[in-house]
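User: I should like to learn how to read the features of a protein model, taking each idea in general before its case here. Could we begin with what counts as a contact?

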Amino acid sequence: MKTKPDLGFWKLWNLSFGFFGVQIAYALQSANVSRIFTTIGADPHDLSYFWILPPLMGLIVQPLVGIFSDRTWNRFGRRLPYLILGATLAVIVMCLLPNAGSFHFTVSSAILFGLVALMLLDTSINMAMQPFKMLVGDMVNEKQKGLAYSIQSFLCNAGSVVGFIFPICLGWLGMKNTAPTGVVPPTVIWAFYIGAAILLICVIYSLIKIKEWPPHVYNEYNGVETEKGDKTETPNIIKLLVKAPSTFWTVGLVQFFCWFAFLFLWTYATNTVAHNAFKTPTTTGIVGINYDNRTYAANYLLIDNDVTIVDHGHLMVSGVQSGGKFYEGGDIVINGNDTIVRNHSIVSNDEGIGKAQFGELIKGVNSLSVDGVAIENPSNIEIKDYLSRLTGPFKLTEAAIVATSANGKVSVEDATSYEIADASKCSYETKTVLNSATPQYNDAGNWVGLLYAVQALGSVCWALLLPRFKSRKFSYSLSLVLAGGGFMMLAFVTNPWILFISFILIGCGWAAMLAWPFTILTNSLTGGNIGAYLGLFNCTICIPQIIAALAGGWILSLMSKPGELAPEYMMMFIAGISIVIGAICVFIIKEGKGPKEAPVETPVISEQI
């Protein structure tokens, strides 16, 4: 087997430059997915479940890309065809995902659209990301792999910085950072658009600059023997895992605790910062109606099949009470021009807070009109919901979809009706969540992007120091311990600026997670299945995230009572404990020495890339 030639710095740079654009897309996804789903109406206890899709797609896609790209040879190369396909799909989906709340879907339909878009986005990102990892394994010798992965780590973090700060920078430039309830703010939408454009440019650059080795050259440098032409045998995944070096498994154990922690960060950081550091107001929604020890819950609750009384957690207004008298109506205006109820829904003010609250008197009212009819001498103004006006028996309908035509006719789909004997014995089951329509929440969302950028910058600086440590294991473990401290700080810090320290520490762990696992692993691999092993190794990233996503909602429910504001900040503390355990496990890693081989030729600076 020939020794791979040394590559000049810019050759190594070109091998990984496209990672910059891919990582912008990944950063936008990481920083904004929870924010997007919270905005369009997702329950905080369900947020972790949405995060199952990204690692699940990685678990499926990356091993397949690795295995099939090991067998691919065409005019575009070996790994690059998968970059082209993945990046093209990513650009399209990046223009769709942030608009999940802008297509006038119902909340459930918007969430479903968002889930499909998220699945496609992460599939495409994984497909576009994997070739760059494999190109280093294909074309860089053992001596330069540390430098190559450091460059890749630098570009990864640089792309992260750009992606993370896009929304807050657009806000600084004057773009609106709030939107109607259920709609993602323009700062986030345009950040995805710009990120998609940069990704496209980076991919074109990579296609121009990277020249993969032809099959016979690749085989010579990677010790691949073929019997017939350049065809290689399709590897069996089970056999590959059986023959995997011990390094594969020991590094994988460390990976488990690290990626478990970071899934919690991406899922719960936005709401943690919004609650602790930005004092975001809460809002109470309606989960269902309780009657006779049973809860009736659905997207919509109606009286009979024609009057909607609960619309996706929002109580509908039946009218207004003034001076002890009730006036039925769907549009209520006070003081001449201040609309507080429109189409039976309470209107929010500029702060995202409802202008009226059920059960609270509205003060300072000089004039009142209901559906255009003036009410004389208004006093003790109070907004009323439908259920509070009912007595005796009524028919309650649970429905998945309700549509109202232009003439006011209501159509109901997927509905079940129940006879309720006494309306006075009904009560609402409530759920308290952070109000995602408020400026505080959206400011926190942008701030989290800035914090992620600080994390990436800290990671870049720490990555430059990592090669200077004499012991790779010590630097790896130390980095993870620092990250664990950052996670635990994040759980309790209430000053937005002090959070910079927390994320710098987290960045130290992130730098080590990007640099050392692949360096350690690829040094223990030889032969023609490097891509397959790197694809399988991605399972050590995806599986812990899937487990964390499945466990997140359950863990959160154990720490709170139904209906209470979920203590998402505690998930950051649990994440800190997890990554410290990973730091301890570093010391059981068995590093491969790599093959002992006599150089067939003296390495030179390659001109083949």
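Analyst: A contact means that heavy atoms lie within 4.5 Å. The model shown here is predicted. In it, G159 touches F20, Q23, I24 and A27, leaving aside residues up to four places away in sequence. G159 belongs to helix α7, residues 142-172.

User: How far apart along the chain are G159 and F20, and what separates their C-alpha atoms?

Analyst: They are 139 residues apart along the chain, yet their C-alpha atoms are separated by 4.6 Å. For the chain as a whole, 78% of the contacts between residues at least 6 apart in sequence join residues at least 24 apart.

User: Is G159 buried or exposed?

Analyst: Buried means under 20% relative accessible area. G159 has 0% relative accessibility and therefore counts as buried. Of the 609 residues in the protein chain, 57% are buried.

User: How should one read a nonpolar core, and which residues touch the most other members of the largest one?

Analyst: In soluble globular proteins, nonpolar side chains tend to be buried together. The largest nonpolar core here has 143 residues, and F264, L265 and W266 touch the most other members. Helix α11, residues 246-276, gives the most to this core, with 17 residues. The contacts of W266, not counting residues up to four places away in sequence, are Y26, S30, S34, W51, W259, Y452, W510 and Q545. A second, separate core has 18 residues, including Y291, F394, Y418 and C426.

User: How does one check the length of a helix, for example α12?

Analyst: The expected span follows from a rise of 1.5 Å a residue: the 27 residues of α12 (439-465) should span 39 Å, and the end C-alpha atoms are 39 Å apart, which agrees. Because 21 of its 27 residues are buried, α12 is largely enclosed by the rest of the structure.

User: What should I look for in a strand, and are the faces of β14 covered or open?

Analyst: In a regular strand the side chains alternate between the two faces of the sheet. In β14, I381, I383 and D385 lie on one side, with E382 and K384 on the other, and all are buried, so that both faces are covered. With 5 of its 5 residues buried, β14 (residues 381-385) is therefore largely enclosed by the rest of the structure.

User: Which strands are joined to β14?

Analyst: Strand β6, residues 317-322, runs antiparallel to β14 and is joined to it by 4 bridges. In this pairing V317 stands opposite D385. Strand β11, residues 361-362, is also antiparallel to β14, with 2 bridges. Here L361 stands opposite E382.

User: How many salt bridges does a search of the whole structure find, and where does K355 lie?

Analyst: The criterion is a side-chain nitrogen of Lys or Arg within 4 Å of a carboxyl oxygen of Asp or Glu. The search finds 2 salt bridges. In one, K355 pairs with D338, the closest N and O atoms being 2.9 Å apart. K355 lies in the loop between β10 and β11, and D338 in strand β9, 17 residues apart. K355 counts as partly exposed at 34% relative accessibility, and D338 likewise counts as partly exposed, at 27%.

User: What is the N to O distance between E382 and K384, and are these residues buried or exposed?

Analyst: Their side chains meet in a salt bridge at 3.6 Å, N to O. Both E382 and K384 are buried.

Methods: Residues numbered from 1 in each chain as written. Predicted model: local features only at pLDDT ≥ 70, side-chain atom pairs only at ≥ 80, totals over all residues. Heavy atoms only, no water. Buried < 20%, exposed > 50% of the residue type's maximum accessible area, 1.4 Å probe, protein only. Pairing = 2+ DSSP bridges. Expected span 1.5 Å × (residues − 1). Core = buried A, V, L, I, M, F, W, Y, C linked by side-chain atoms within 4.5 Å.
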